[in-house]
Amino acid sequence: MDSGTSAPWRRRTLAATGVIGIAVAGGGLLLPGFSAAATTPTTHFTWTQAETAANDQWTVPAGVCFIDWTVQGGSGGAAGGTLGGFGGKVTQRVPVASDGTAKFTIHVGAAGQGGAGGASAGEAAGAGFAGGTAGTSGGGGGGASAVWYGADSTAVPDLVAGGGGGAGTGSAGGNAGAPGDDVTAPALAGGLAGPSTPGNTYGADATGNAGAGGGGGGYFAGGAGTTDGSTTGSGGGGGANSIETPGTAGPADVNTTLTSAGDGTVAADVIGCMPGAPTLDPATAGTNTGDVTLTFTPASTPTTNVTSWELSKDGGSTWAAQPATASGAKEQMSLTGLTAGTYHFQVRGVSDYGVTGQASTSQSFTVAAPATPAAPTIDSATSSRNGAIDLSFTPNNNGVTVTDHEVSTDATSSTDPNATWTTLTTTSGSGSMLLATVSGLTPGNQYTLWVRAKTATNDAPAAQSNSVTVAHLPDAPTLDVPTSPNPGEVDLAFTPGNDNGVPATGWQVSTDDGQTWGTTQPATDGTGGKKQIVLSNQPEGATLLVSVRAVSANGTSPASSPSQSVLVTSTPPSTPVPAAPTLDAPTSPHPGEVDLAFTPGNNNGATETGWQVSTDGGQHWGTTQPATDGTGGKKQIVLSNQPEGATLQVSVRADSANGTGAASAAQPVTVTSTPSSTPPVTPPGPTPVPGGGGTQPSPSTPGAPKGVSAQAKTAQVAVSWTAPASGGAVDHYLVTLSPGGQTCTTTGLSCSIGASAGVDYTATVVAVAADGTTGPGASASVPGTVTSPDVPAQVPSTDQALTTDKGVISSATPGQKITVKGSGYLPYSTVTVIIYSTPTVLGSVVTDAAGNFTLAVTVPADLAPGDHHLVSSGVASDGTQRFMRMDITLASASNQLAWTGFSALPWVGAGVGLVAVGTAGLILARRRRGAAI
């Protein structure tokens, strides 16, 4: 049978064993260079006899170089209480091919039968393997076990262990095995029967003395039996084994070792191949001190499968497992963190069966002591916070791995041995610069800081900063959540921080998360030690991020943190409008898409005509659109083409015939980005500041743009800059305006961003690498303010058609409300709507992210009948002036609004195809004339 199959009548066991000492019959065979110390068998196979004498075939697993065989013949059968003799035993080590092609044939001899008149105890495969037949009284001989080196079981076996002779008793012994003198014959002889009396030859004794048992099966004749002259004779001798050693006779009395006749066994202990010695190249130093790379070539002979590698650093005294990676025909080991000193490297392989291979020759390598870092370069040391100095410095580590830096406030020199040093907590700044804050200093005192790299020996030189006077300021106040009890009003309550002996002379408030601050103002006393400030004239419906700080004679305190959000209450409309809806948390299931679900508020008797969405906290609103019905009375809107990766502040409000309703509270959502092979562009954060924040630099991180400048123009801000002086390669730039958060992306060095008139802006520019890594930002305040679009004295000439929510109209009446719509403008820019002949501004609106706008205007009630012109004035996406125009005829107030656009609603349904041709022609004619209906 192959190693992977098993017959139902034969079992093979496989178990790991420990060290087994085996005598090699006929002399052991070792390959050249195969160390006896490395030949411990690691896997054990055993074959046992069952009910028949069929042979077994076995294929040796790959990776095995030697087999240790132990072959045991069957024992003789018992008779009259006396047991037969032991079978012969053979042991031998055999070298085999390691590629999994070596085969063996195995035969296991059965035990001899006992008692009177038993049938043959041998096997039918060949008389030579059969034991003698049991006699009328004597036991039968045991069968022989054999091994062939190959698949041919008709040849002479290579290993044979004869069976033991059967026990003798009574007047007749067992029959002898077949003759076995011809060793070339396929059928090998069993041993002869033992004599019943000394000098007798075979068979029974006619005089009645005790008879001998049958001889065991084997190679050549078996040994003779003996008798003690009693009624019980001893067992016959076993058959000879493969080195022609006869089996021993059974004892005269009852055998005390065997309890019954036993089958033979065949066992094989496999020994894995020993890997040869690798060839180790000279060791090389790695990038960092203490790193070493070992390269070696595995041995080509003997062929074996190395499953792991071991390394010695002390010339073979101690070994430990060490991973290696393939590098062409060679293997490499990467060693890190070695201390200074001389090493003696050796490597060796371990094979499939755990056999340790020969070691390479030793290679010596000396790891040098690391160099000492140089003193860092201190870029700045300033104090703008109470009791703290903000520090920036650039390390000079001389290639030494440095994980920390230390600061001293009492050192007197670069290497003062008596200085006190404290580990700095640093963050990354621009390029390789590090930022840190030294806290716990005495306000008002002067300090000189010393900074050095932290090493194991602390012998790095230190750099000296300039002398810094520590700020003496109040601590940050604690701001409660603001409220907005009245339209345009925000009420603040806050607890002042410790004044640190510097009383607050007033307070400053920011409504844009600390980016800009208002003028200093007093605060009134509240309850529980709190202070109160009321902000008036705030933008109704806007969401503000409010923070407050103290002003003292020494400067301003840190701002309250975090900023608190508040929605400014709006003035109720003169006519009923819908109440604010309740917006669930928005989601972004797909790139560029935002899904909204909301519960409408009370419509207060107003008829809802659609919904408007803001993505910037209510500062700008999109065009009116429908919503679909969801579950539980909710409405749903899906926003497409949103800026991927951006974080939006989303709110929604109802539109009605009476105007827009109150807005929901803003909800944040980050727009999902399209997956790509490179990481997404990370939205730029604030420029790193001392004590925290910033972006972890890498070799690909761009530097900060230089020379950022911004100019307020008509409905826009023009920003320009120059490329960073250092850092990684720049793929594009991202420019952001604050407040508002509107952006532009460009590969150039300038761009224009839509802006609202009358707002003070700050522009921030960041450089972005091709893999999406963003560098630090550079900002500039926009001098002056953005101006409103031009209102020409004469009607401008343009071929860009203005329209309405009912299409292009040709007439109107005084006092009539018209919803004007336009497109093609710069996103987030201001557009002014004017009516001519005498220019009259009807209103202004901020465009959405696509540059579109919708504005409800009212035709002046005192406007004279006749020809007039509706004009929208603003700037195009390239920053140039843009006009759109629609000509109308003003009729008396009793006339109806005319339209020339086609409304689909009356025609939806199955009747579309039945509209009369004449009706269609009438509509087309009216479109051309622009006549009123």
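Modeller: Two rings of Phe, Tyr or Trp (its six-membered ring) pair if their centres lie within 6.5 Å; planes under 30 degrees apart are stacked, over 60 edge-to-face, and the rest tilted. This is a predicted model, where local features need pLDDT of at least 70 and side-chain atom pairs pLDDT 80 or more, while totals for chains, interfaces and linings use all residues. Residues are numbered from 1 along each chain as its sequence is written, and side-chain values use heavy atoms, without hydrogens and water.

Biologist: How many aromatic pairs does the structure hold?

Modeller: The model was searched for aromatic pairs, and the structure holds 14.
One of the pairs joins Phe 45 and Trp 47, with 6.3 Å from centre to centre and 25 degrees between the planes, which is stacked. Both Phe 45 and Trp 47 are buried (under 20% relative accessible area; exposed is over 50%, partly exposed in between, with a 1.4 Å probe and protein chains only). The count of aromatic pairs is 14.

Biologist: Are the rings of Trp 58 and Trp 69 stacked or edge-to-face?

Modeller: The ring centres of Trp 58 and Trp 69 are 5.9 Å apart. Their planes meet at 90 degrees, so the pair is edge-to-face.

Biologist: In which strands do Trp 58 and Trp 69 lie?

Modeller: The pair links distant parts of the chain, with the two positions eleven residues apart in numbering. Strands here are DSSP runs of E with at least two residues, numbered from the N terminus. Trp 58 belongs to β3 (residues 56-59), and Trp 69 to β4 (residues 64-72).

Biologist: Is Trp 58 buried or exposed?

Modeller: The relative accessible area of Trp 58 is 0%. Trp 69 likewise has 0% and counts as buried. At its value, Trp 58 is buried.

Biologist: Which residues form one aromatic cluster?

Modeller: The cluster includes the stacked pair of Phe 45 and Trp 47. Trp 58 and Trp 69 also belong to the cluster. In full, its members are Phe 45, Trp 47, Trp 58, Trp 69, Phe 104 and Tyr 149.

Biologist: Which strand gives the most to the largest nonpolar core?

Modeller: A nonpolar core is a set of buried Ala, Val, Leu, Ile, Met, Phe, Trp, Tyr and Cys residues joined through side-chain atoms within 4.5 Å. The largest has 22 residues, and Trp 47, Trp 58, Ile 67, Trp 69 and Phe 104 have the most contacts inside it. Strands that each supply at least two residues of this core include β2 (43-48), β5 (89-95) and β11 (265-272). With four residues, the strand that gives the most is β4.
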